Amino acid sequence: MILTGIGYDTHRLVEGRRLVLGGVEIPHTLGLLGHSDADVLSHAIADALLGTIAAGDIGIHFPNTDASIEGISSLKILSRTVEILAASHAKPVHIDATLIAERPKISPHLPAIRATLAKAMGLPLERVSVKATTNEKMGFLGREEGISAMAVATVEQLPDPTFYPNI
Ligand code: MG
């Protein structure tokens, strides 16, 4: 069975924080604010993965009231999400994601981001697509107040025979 899920996330850009996108630290004067490392791309992908099996969102599985989550690498959230899917006999097969950031320029970092994400999810590199665009200086993204990410995940799940009692 092939299932798809969609994910979206946005975090505020502030001074004095690291900028981590897809598990890769990117040199910049600002970083993303959040309980974990605020890796907006990994969060959008984790939400897309959870959506494939209707398992809620990362806020449910990794609540920001949980002190053990504070400051952790979101790659850990991603690999734990893959384990949640595995418990439902589901396995990621493809990710497509888009980052929306006015600055810094993301494209030089895309090869490292794709490789890091692929490793965290146990996927071949060619099954992990990450793209980047600006918001043409419009809105909060255009004013560099934050960075957003959206993602679509495709997973394969072993069929549950009880879904098809007549087959
Ligand atoms: Mg988030």
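The following exercises, with worked solutions, concern a predicted model.

Residues are numbered from 1 along each chain as its sequence is written. Local features require pLDDT of at least 70, side-chain atom pairs count only at pLDDT 80 or more, and totals for chains, interfaces and linings use all residues, while side-chain values use heavy atoms, with hydrogens and water left out.

**Exercise 1.** Determine whether the length of helix H4 agrees with the expected span.

*Solution.* Helices are DSSP runs (H or I) of at least four residues, strands (E) of at least two, numbered from the N terminus. The expected span is 1.5 Å times one less than the number of residues. For the 12 residues of H4 (residues 110–121) this gives 16 Å, and the end C-alpha atoms are 16 Å apart, so the two agree.

**Exercise 2.** State how the buried residues of H4 are arranged around its axis.

*Solution.* Buried means under 20% relative accessible area, exposed over 50%, and partly exposed in between (1.4 Å probe, protein chains only). The buried residues of H4 are Leu110, Ile113, Leu117, Ala118, Ala120 and Met121. They cover an arc of only 160° around the axis, and therefore lie on the same side of H4; the arc is taken from the directions from the helix axis to the C-beta atoms. The face turned away from that side carries the exposed residues Pro111 and Lys119.

**Exercise 3.** Describe the surroundings of Thr52.

*Solution.* Thr52 belongs to helix H1 (residues 40–52). Its relative accessibility is 7%, so Thr52 counts as buried. Contact means heavy atoms within 4.5 Å. Neighbours within four places in sequence aside, Thr52 contacts Leu3, Thr4, Gly5, Leu85, Ala153 and Val155.
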